[in-house]
Amino acid sequence: TALNIGETATVTFTFAEAVTGFTVADVSTPNGVLSNLTTGDGGITWTATLTPNASTTAASNVLTLDYTGVSDLAGNAGTSSATSGNYAIDTVRPSLASSITISDTALKIGDTATVTFTFAEAVTGFTIADVSVPNGVLSNLTTGDGGITWTATLTPNASASGATNILSLDLTGLTDLNGNAGSGTNDSGNYAVDTVRPALASAIGVSDTALAVGETATVTFTF
């Protein structure tokens, strides 16, 4: 009664006597499909396979059997209807509700940034290993609302320089609370890293190293 991605359920209809004319068309199936309706005892007990619809979340669903399409072996038609107990469906994979945000997108020496991941539903199994971090390191991954919003600290690598960097979240490493695994990846916007201290590229140049009265020299600093 709690159907996730890849799951099916067996539905059993047990009549008081053998019936005929019973088909899956006699059963309304919210957020799912019935198939393989069969009987093994002459029409008293019937089973079918319930397959949930893809990309669906619905906590309240009830099968409804319309008796008017069914008759007993003497030809008496049924009347009214019968309902099942409730079943829930969650065939939606975990995904981000909004873009990955980075509080500081130009990181220099001593800087850190807060990275925020906001999911469409609570997730579990999320770790920093699920995120590729060029020219930096993520740490302190935490959630304060049960797994929907997560924050982490982005620290740039030392002595690194890169104008183009994008965090990439691999969703396959996490699941929603019903066990559905994510798929694909999500990327952040760009951030730049410059943690290289200024330095000379070559020795200080002096155009004249033997200065007499009235002379000057040009000194060149190339960084």
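**Exercise 1. Determine whether Phe22 is buried or exposed in this predicted model, and describe its aromatic partner.**

*Solution.* The relative accessibility of Phe22 is 6%. Burial requires a value under 20%, so Phe22 counts as buried. The next step concerns the ring. Two numbers are needed here: a pair of aromatic rings is described by the distance of the centres and the angle of the planes. For Phe22 and Trp46 the centres are 5.3 Å apart and the planes meet at 75°. An angle over 60 degrees falls in the edge-to-face class, and the Phe22–Trp46 pair is edge-to-face.

The positions in the chain come next. Phe22 belongs to the loop between β3 (19-20) and β4, while Trp46 sits in strand β6 (residues 45-52). With these positions 24 residues apart, the pair links distant parts of the chain. Trp46 has a relative accessible area of 9% and is therefore buried as well. Finally, ring pairs join Phe22 and Trp46 with Phe13 and Phe15 in a cluster.

**Exercise 2. Classify the ring pair of Phe117 and Phe126, and place both residues in the nonpolar interior.**

*Solution.* The model holds six aromatic pairs. In the one formed by Phe117 and Phe126, the centre-to-centre distance is 5.2 Å and the planes stand at 85°, an edge-to-face arrangement. Both Phe117 and Phe126 are buried.

In soluble globular proteins, nonpolar side chains tend to be buried together. The largest nonpolar core of this model comprises 24 residues, and Phe117, Phe119, Phe126, Leu154 and Leu169 have the most contacts inside it. Two or more residues of this core come from each of β14 (113-118), β17 (136-143), β18 (149-156), β19 (161-170) and β21 (185-194). Apart from this core lies another, of 17 residues, which includes Leu3, Val19, Leu37 and Ala48.

The surroundings of Phe126 complete the answer. Residues up to four places away in sequence being set aside, Phe126 touches Phe117, Phe119, Val131, Leu141, Trp150, Leu169 and Leu174.

**Exercise 3. State the strand order of the open three-stranded sheet and identify its edge strands.**

*Solution.* The order is β4-β8-β10, and the pairing is antiparallel. The strands that pair on one side only are β4 (27-28) and β10 (81-86), which makes them the edges. Two bridges connect β4 with strand β8 (residues 62-66) in the antiparallel sense. Within this pairing, Val27 has Leu65 of β8 as its bridge partner.

**Exercise 4. Describe the pairing of β5 with β6 and account for the positive phi values at Gly42, Asn36 and Ser80.**

*Solution.* Strand β5 (residues 32-39) runs antiparallel to β6 and is joined to it by six bridges. One bridge partnership is that of Leu34 with Leu50 in β6. Five residues separate the two strands of this hairpin, in which Gly42 adopts a positive phi near 85°.

Most residues other than glycine have a negative phi. Asn36 nevertheless shows a positive phi, near 55°. Asn36 lies in strand β5, and a relative accessibility of 57% means that it counts as exposed. Ser80, also not a glycine, has a positive phi of about 70°. Ser80 is found in the loop between β9 (71-72) and β10; its relative accessible area of 53% makes it exposed.

**Exercise 5. Locate Phe223 and list its contacts beyond its sequence neighbours.**

*Solution.* Phe223 is in the segment after β23 (219-220). Its relative accessibility is 65%, so Phe223 counts as exposed. Once neighbours within four places in sequence are excluded, Phe223 contacts Ala199, Leu200 and Ala201. Phe223 and Ala203 are separated by 20 residues in sequence and by 9.4 Å in space, C-alpha to C-alpha.

**Exercise 6. Compare the overall dimensions of the chain with those of a compact globule, and summarise its content.**

*Solution.* A compact globule of 223 residues would have a radius of gyration near 17 Å, whereas this chain has 33 Å. Along the principal axes, the C-alpha atoms fill a box of roughly 130 × 30 × 20 Å. The secondary structure consists of 23 strands and zero helices. Of the 223 residues, 31% count as buried. The accessible surface is about 11,900 Å², with 53% belonging to carbon and sulfur atoms. Among contacts between residues at least 6 apart in sequence, 62% join residues at least 24 apart.

Note on methods:
Residues numbered from 1 in each chain as written. Predicted model: local features only at pLDDT ≥ 70, side-chain atom pairs only at ≥ 80, totals over all residues. Heavy atoms only, no water. Pairing = 2+ DSSP bridges. Helix = DSSP H or I, 4+ residues; strand = E, 2+ residues; numbered from the N terminus. Phe/Tyr/Trp six-rings, centres within 6.5 Å; stacked < 30°, edge-to-face > 60°. Buried < 20%, exposed > 50% of the residue type's maximum accessible area, 1.4 Å probe, protein only. Core = buried A, V, L, I, M, F, W, Y, C linked by side-chain atoms within 4.5 Å. Contact = heavy atoms within 4.5 Å. Rg over C-alpha atoms; globule rule 2.2 N^0.38 Å. Areas by Shrake-Rupley, 256 points an atom, 1.4 Å probe, with all protein chains shown as cover.
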